[in-house]
Amino acid sequence: MWNSLLLHLQVDVEDELVQGTRSRSPMKMYSQRLCLEPLEPDHAELLFDGLQSASIYKFIEDVPPQSVQSLRDR
């Protein structure tokens, strides 16, 4: 079971984010440092290596994805 949102650092903070705009899109939420967006198949390559760590499966009742493509399909 994978979370349905991806949280990542907003590296290049734009002026509108600093001024407190909460969202530029109904599907994404922004703050000065973070962007919260729905998980998409295109995120699979970014997430795959991190999901290989055995230590996270102490808390997630699942197994690591077998390949980037299997994660993308999921």
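Biologist: Is Lys28 buried, partly exposed or exposed in this model?
Modeller: This is a predicted model, so the value is computed from predicted coordinates. The cut-offs are under 20% for buried and over 50% for exposed. Lys28 has a relative accessible area of 27%, so Lys28 is partly exposed.

Biologist: Which side chain meets Lys28 in a salt bridge?
Modeller: The N to O distance is 4.0 Å. The cut-off is within 4 Å, so the pair counts. The partner of Lys28 is Glu37.

Biologist: Is Glu37 buried or exposed, and what is its relative accessible area?
Modeller: Glu37 lies in strand β3, residues 34-38. Buried means under 20%. Glu37 falls under that cut-off and is buried, with a relative accessible area of 12%.

Biologist: Which residue joins Glu37 through a polar contact between side chains?
Modeller: The partner sits in the loop between β3 and α2. That residue counts as buried, at 10% relative accessibility. The polar contact is 3.4 Å, and the residue is His43.

Biologist: Where is Met27, and is Met27 buried or exposed?
Modeller: Met27 is in the loop between α1 (15-18) and β2 (29-30). The cut-off for exposed is over 50%. Met27 has a relative accessible area of 54%, so Met27 is exposed.

Biologist: Which residues does Met27 contact, leaving aside neighbours within four places in sequence?
Modeller: Pro38 is eleven residues from Met27 along the chain, yet their C-alpha atoms are separated by 6.6 Å. Contact is judged on heavy atoms, within 4.5 Å. By that rule Met27 is in contact with Leu36, Glu37 and Pro38.

Biologist: How many salt bridges does the protein have?
Modeller: One joins Glu37 and Lys28 at 4.0 Å. Another joins Arg74 and Asp62 at 2.6 Å. The count comes to two.

Biologist: Which parts of the chain does the pair Arg74 and Asp62 link, and how many residues apart are they?
Modeller: The side chains of Arg74 and Asp62 meet in a salt bridge. Arg74 is in the segment after α3 (68-73), and Asp62 is in the loop between α2 (44-48) and α3. These are distant parts of the chain, twelve residues apart.

Biologist: Is Arg74 buried or exposed?
Modeller: The cut-off for exposed is over 50%. Arg74 has a relative accessible area of 53%, so Arg74 is exposed.

Biologist: Which residues form the largest nonpolar core?
Modeller: One of its members is Phe48. Not counting residues up to four places away in sequence, Phe48 touches Pro65, Gln66, Ser67, Val68 and Leu71. Of these, Leu71 is listed in the core. The five core residues are Ala44, Phe48, Leu51, Tyr57 and Leu71.

Biologist: What pattern does the protein follow along the sequence?
Modeller: The protein has three helices and three strands. Residues 24 or more positions apart account for 46% of the contacts with a separation of 6 or more. The pattern is β-α-β-β-α-α.

Biologist: What share of the residues counts as buried?
Modeller: The accessible surface comes to about 5,800 Å², and 55% of it belongs to carbon and sulfur atoms. The protein has 74 residues. The buried share is 19%.

Biologist: Over which residues does pLDDT stay under 50?
Modeller: The mean pLDDT of the protein is 76, and 65% of its residues reach 70 or more. Where pLDDT is low, the predicted coordinates should not be read in detail. The model has 27 contacts beyond four places in sequence for the stretch under 50. That stretch is residues 9-25.

Methods. Residues are numbered from 1 along each chain as its sequence is written. This is a predicted model: local features need pLDDT of at least 70, side-chain atom pairs count only at pLDDT 80 or more; totals for chains, interfaces and linings use all residues. Side-chain values use heavy atoms; hydrogens and water are left out. Helices (H or I, at least four residues) and strands (E, at least two) are DSSP runs, numbered from the N terminus. Buried means under 20% relative accessible area, exposed over 50%, partly exposed in between (1.4 Å probe, protein chains only). pLDDT is the predictor's confidence in each residue, from 0 to 100. A polar contact is a pair of N or O atoms within 3.5 Å; within protein, one must be able to donate a hydrogen and the other to accept it, and residues adjacent in sequence count only if both atoms are side-chain atoms. Accessible areas come from the Shrake-Rupley method with a 1.4 Å probe; for residues, only the protein chains shown count as cover. A nonpolar core is a set of buried Ala, Val, Leu, Ile, Met, Phe, Trp, Tyr and Cys residues joined through side-chain atoms within 4.5 Å.
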